Amino acid sequence: ESHSVTHPCLDQCPAQVIEGEVFGSRHRLGEIVGRPVRALAYPNGSHDARVRAATDAAGYLVGFVFDHSLTRLAQPHYALSRLRISSSASTERLEAVLAGVHPAVHSLRRSHASHKRPDVI
């Protein structure tokens, strides 16, 4: 599915750029794969009302944000949550992501890294 043409943070772009990225990506990718492209994953998860409206106008059925969360049934279809997991991830990491604890673990890792003291020699 689609991810834009040049991967900008769409919510920081002028309307013309948003339209070019969203429409252009759907059109180009559709020609390559030989079928309509139905989904757009917003680069960096960046989106706003203008981006969601362009996603709708371009004919996408869904748009995905990147918020390390599982999608809830009540979420709007142009702001669905998504998780990222590497093909090399361990079973434990996959289980943590699917259990919904990934954001907390990620936050703890960042906090721990910022509080590390250099080794004393």
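Is arginine 38 buried, exposed or partly exposed, and what is its relative accessible area? Arginine 38 is partly exposed, with a relative accessible area of 42%, where buried means under 20% relative accessible area, exposed over 50%, and partly exposed in between, for a 1.4 Å probe and protein chains only.

The model is predicted, so that local features need pLDDT of at least 70 and side-chain atom pairs count only at pLDDT 80 or more, while totals for chains, interfaces and linings use all residues. Residues are numbered from 1 along each chain as its sequence is written, and side-chain values use heavy atoms, with hydrogens and water left out.

Searching the whole structure yields three salt bridges, each being a side-chain nitrogen of Lys or Arg within 4 Å of a carboxyl oxygen of Asp or Glu. In one of them, arginine 35 pairs with glutamate 1 at 3.0 Å, N to O, and this pair joins distant parts of the chain, 34 residues apart, with arginine 35 in the loop between α1 (15–33) and β1 (39–41) and glutamate 1 in the segment before α1; helices (H or I, at least four residues) and strands (E, at least two) are DSSP runs numbered from the N terminus.

Arginine 38 also forms a salt bridge with glutamate 1, its closest N and O atoms lying 3.1 Å apart, and here the partners, 37 residues apart, again link the loop between α1 and β1 to the segment before α1. Glu1, Arg35 and Arg38 are thus connected in a network of salt bridges, in which glutamate 1 has a relative accessible area of 41% and arginine 35 one of 36%.

Elsewhere, arginine 50 and aspartate 48 meet through their side chains in a salt bridge of 3.2 Å, N to O, and arginine 50 is partly exposed at 37% relative accessible area.
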